[in-house]
Structure formats: structure tokens, C-alpha cells
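Work through the exercises below with the sequence and the structure open. Try each task before reading its solution.

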Amino acid sequence: MATNSQKKKILIVEDEELLSQMYRDTFEANGFVVVTASSGQEALQLAKKEKPDFILLDILLAGENGIYFLEQRKLLKSIATIPVIAFSNFDDPNVRKSALALGAQDYLIKTNYTPQEVVSKVQTYIL
Amino acid sequence: MNFTLQNFDLFSVGIAIAAIGILGFIIFSNDRKSITNQTFLLFALVAIFWNAANYISSQSLPYQIALWSVRSVLFFAVWYTFLLFQLFYVFPKGIVSFSRLYKFVLIPIVSFVSFLTLTPFVFSHITKLSPEGAVEQLANEPGILTFGSVVFAFIGAGVFVLFQKIRKATLEEKIPYRLILIGAAITFVLHLTFNFLFPALLNDSRFIPFGAVFTFPFVGFTAYAIIKHRLLNIKVIATEILTFVLAIVTLLEVILSNELGILIFRISVFLLVLSFGILLIRSVRKEVEQREQLESLTQKLEVANEELKRLDKAKSEFVSIASHQLRTPLTAAKGYISLVLEGTYGALTEKLKKPLRNVYYSNERLVHLVNDLLSLSRIESGKMKLEHAPTNVGEIIKSVIEELQIKAEERGLKLAFKKPAGSSSQILLDKEKIRNVVLNLIDNAIRYTKKGSITINIKEQREKSKETTILISVADTGEGMTKEEIAKLFESFSRGQAGTKLSTEGAGLGLYIARQFVEMHKGKIWAESEGKGKGSTFFVELPLKQ
């Protein structure tokens, strides 16, 4: 069993409580330390404070959205290098393009993946 | 001297009358339906009669004719002032609905007073003739007061109406009114000087017959104002001026002719010039109007196009948002069911697993349907674009097989993929879209095969004189299809007969979308079947060089 200090920390940015809980459960079951945020601002504060190893970022959020987070992340040295996957059910070609241009490693449509598949995806990016 | 002036009289009055008449018809033919143009023509015609009567009455004539000519001057003067008032009243409108007061009171008054002037109630007889035999004095009767007050009332009301309009007009609208005022002022001053001051103060009535010449400035300026107000094209105005000048010049020649043969010839030329000129003006006007219509249509089209773009954008946004909203609960359902199936919330009995899997697959169908509808909407609006990246087609097929393996096993079907050696080369294509195509084909094969296997093949095709392609085939041992069914397979919202018989899943969008995606890659997709019960094979051929 990995100790807390060896565990990978993931920040899940998700404003749907039902989904947030589901992904938290799955990532924790797979040995991750999970922090969650429900808006762009909250995600920025948490990212600076917690320095996660990975960020799973929803795009349409209450308050500042995922694109805003990506823009701010680029400007903040302390979190600029944390890998991010945009993870949304909002599938607009322009938004997808912006997210990728702002440094998201991928743009995944939530509904196409089971939580376990998401974990596997994230693991390929961290390991 | 007398002879010269007489000739000059006739010459100038003739020219002025002709000019007024020509202008009247030109303005009228510019827009026959406009009440302003109609009134202008009537006014010009009455002005001609009034001035002609004025000229005739100043000549030496037999007593009865002289009396009637003077009476007719007054008769036309009533209509002249009335039409002057109406012109100011309607200008510059095209349509005016006259009030009942106008139709049933004003016009009867005008008719009554004008006919009154022909009776002895206005002029009973001539009291003095000049040495040359022209009328100098008449016996005024009380009717002259009615005539005078009506004429001055119309002039006063007309000027009042015009000033009211000038007061309310914007700076730009004032221009045509000012033109009319300038013309009216010049005519008024000329009439006042030569028809009133000269005879009254200097006892010189030589200029009275020139009435038509004095009227011309007003008619000319008003005609210009009407043209200017209509904002006619310069081409039309130029044609009108040309016709006007040509008509006047040829008319001059008519007047100056001194032989019958030449006179007849010149009259014919004048009439030809006038009629062809009017035809020319009308054709130029028509051309300009058509061009203006075309311009306004183009403008309307541009507006409609902008509106369509706006609607299209709104539709795209709606589709994106709606599919997002639909996907959120589907994601939760899919996620939780998969977690339950994977045993995250505790061990599951075999009895429970089957119905849960059914729920999971039903949910998957909804997920695919939303994806297909979103794709369809993008394809049909032409917004679907490819995002090329180096991709290994074998890897795509492997990942699809991994995803569908359990589903195939549950149905007792074998999924076989023979990945040939040397097919690991990467080609440039849109990975997501080609994966969608492969997923669709294999998923369909599972759905329409009751027993047996599904075999997936991939091979590079190198042929001389043809570009190198990669061929993916998905062969099943299922229901098979007739030729008719194959023909309809890749069309929107249609399904093969086997589909309706065996399974009613899907909205028939999958293969249509697959075809669109393959064709976007400049590839081909088709199906082959030897007939009912003999299975089907689906092929996708993609060029290696995109």
C-alpha cells in the first residue's frame, strides 16, 4: 500500500456534484489523493495550494469556466507545468481548439468513458 | 418695329408654351402614378391654355371672339391657381388621399367659379378697344369679386401650405421646396412687373402677351424640384435634358420654317424627336429602375444571409449546449453502472449482472445516439472538420475490439483481428473519426450476427498506377443483405431490411455518418453480401497520403 506521500494527487474540477463524487470515489479506489473544485477560481486557488500532479478539468463551470482556468494557469509559473486534461460533455470545435492551444493535453468527452477508463487514461499521462 | 415685336411675341410665347408642355409630359412619364406628377401635368396643360388665351386676347379680334377670349383667360386662371394650390398641397408625395371636403366642396366651388367667369356676371361687355383693335377695358360685374377672392385665396393657401412644409422639413428636404419658391418668386416678379406695374404705371401693355414666358421659370424650377426629389439617376436626368433640348431645337426650326414642304418635314422631325426622346427616357428609366431593384434585392439578400448566419450560429450553439445537457445524466448513469458492474460497491451476483449490463448497453445506445446527432448536425451544416494526426489504424482497431470484446462474448460471438506484419506504419488521419467508423462497423456486425464470428482485416494495397491505400474489412456470419438493402445502407435515416427484422436498435445514422467521415478522408466505404443468410462484409478504403 502506497503511503500518502507516494500517492499521486489529482485535482478534479467538476461542478456536477453527482459526477464529482463518482470520479472522486474511483480515483481514490485507484490509490489517488483527490482534491475537488467546482469553479475556475476555486480550481486556481486549490492548484496553487495543493500543487497536484494532474488536473482533470471540466470546461463549462458555474462562475469562471475551464478556458479561464487554462489561461490563468499559463500565467502562473507555480502551476503552469501541471498536466491538464480537458474533460467535458461540451463538444464545440472552437472550444476544443482553444483548450488544446492553451496547453490541455487532450480534450475528452466524459460520456464516452467509464470512470475506470478515465483513470486508465490519466495513468498513461502521469506514469 | 411693331412687326418684329409681333413676331417675337409669337416666337417666344410659342417656345415657352412648348417647353411647358414638354416638361409636363416628361415629368408625368417619369412616374405616371404619382399624384404630384399628375398634378404637374394638369398644371402645365392649364398654364398652356391660360397663356394661349392670354396671348389671343391681346390681339385684334372680332368683338365676340375678343370678349370670349378675355373670359376664357379668367376661366383658366381659376383652374391655374387651383392647380397651383394642389401642386403645393401634394408635393412631393406619390399618393395623397384627398378629404371629403376637398372632393365635395373645393372642386365644386372651383367648377362653379370657373364657369361663372364665362357668364356676363363677371364681364358683361367690352367698354374700350385700343387703336389696333385689342381689348383695353371691360365692364366689371359683381362676379369679378368672387373670381378675385377665389384666385387670391388659392394663391394664399398654396403659399401658406408650402411655407408650412418648409418649416417642418429637414435641412435636406428643404432643397426642392426652395427650388419651387425661387421659380414661383421669379414668375411672380415678372408677372407683377410686366402684367401689372407696366400697364398700370407706364401705361405700357405690350408685355401682357408674354405671360407664358413669365410662367416658364416656375414650371422649370418645379419640374427640377420634382426630379430632384425623386433622386433620379443622373443618367435619367441627362437623357431628359437631352430630349428637352433636342425637342426645343427642332421646334425652333418648325417655327422658323418659311416653306410648307420644309414645315411639314420639320414638324415630322420634331414629333419623331419628341416621341423617340420619350421612349428613350422610359427605357433608360426602366433600366435604372431594374438596376435599383437588383441593388435593393442584393441588399435584402445580404441581410437575409446575415440572418441565416446568425440563425446557423444559434443552432450550432443550441446543439452543443443541448447535447451537453443530455450527456451529463448519461455520464452519471454510465459511470455508476460501470462501477457497480466492476464491483466497486461490493460483489455482484450473476443474476444481477445481466440486467445491469442491459441497462449499461441501453445507456450506451443513448450515448451513441447523442454523439451521432451532434455529428449529423455538424456534417449537415458543413462545420465538421478533420483534425489530422499520425495514427496507426491497427491500434485503432485493437482499442475498438477491447471496448466491444465483452459485448461480443456475451452474445457468444468471436471477435478475430488478424493484424498483418508491417502494417504498423502511421498515416495522417483524424483518429476520433476513423475510430468512430470502425466502432460503428464492428458494433453493427455484433448486433446483426446471431452466431459465428466477426473477422477484422487490415491490409495495405500497393498497385501500379494507383495510389497506395489501406483497406479495412469487417466480415460477419450474420443475416446478410439483398442488393436493394445494400444500396440504401449508407443513406441518412434508412436501415437495411435485416436491421428492422432482427434488431430495431439505432436510428440508421451510424453508417451515414461513417460514410461522411470516410469521404472526408477521400476514402471509400461499401458493403458486400452474397445474399440472405450468407453474412456481410463491410470495407473501408483510405488513401495512405491524405
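A:Ala86 stands opposite A:Tyr107, a residue of β5(A). The model is predicted: local features need pLDDT of at least 70 and side-chain atom pairs count only at pLDDT 80 or more, while totals for chains, interfaces and linings use all residues. Residues are numbered from 1 along each chain as its sequence is written, chains are lettered from A and ligands numbered from 1 in the order in which they are written, and side-chain values use heavy atoms, with hydrogens and water left out.

**Exercise 1.** Find how many bridges join β4(A) to β5(A), and place these strands in their sheet.

*Solution.*
- Step 1. Strands (E, at least two residues) and helices (H or I, at least four) are DSSP runs, numbered from the N terminus. Two strands pair if DSSP finds at least two bridges between them.
- Step 2. β4(A), residues 84-88, runs parallel to β5(A), and four bridges join them.
- Step 3. The open sheet holds five strands of chain A in the order β2-β1-β3-β4-β5, with parallel pairing.
- Step 4. β2 (33-37) and β5 (106-109) of chain A each have a single partner strand, so one side of each lacks a neighbour in the sheet.

**Exercise 2.** Describe how α3(A) and α4(A) lie on the sheet.

*Solution.*
- Step 1. Axes are lines fitted to C-alpha atoms, for helices over the stretch in contact (heavy atoms within 4.5 Å), and angles run from 0 to 180 degrees between N-to-C directions.
- Step 2. α3(A), residues 66-75, lies across β3 (54-57) and β4 of chain A, at about 150 degrees to β3(A).
- Step 3. α4(A) packs on the sheet and touches β4 and β5 of chain A, its direction making about 140 degrees with that of β5(A).

**Exercise 3.** Characterise the interface between chain A and chain B by its residues and its buried area.

*Solution.*
- Step 1. In chain A, 24 residues are in contact with 22 residues of chain B.
- Step 2. The two chains bury about 2000 Å² between them (accessible area, 1.4 Å probe, lost on being put together and summed over both), 58% of it on carbon and sulfur atoms.
- Step 3. A:Met22, A:Asn89 and A:Thr111 supply 27% of the area that chain A buries against chain B, more than any other three residues.
- Step 4. α1 (17-29), α4 (93-101) and α5 (115-126) of chain A each give two or more residues to the side that touches chain B. The largest share, seven residues, comes from α1(A).
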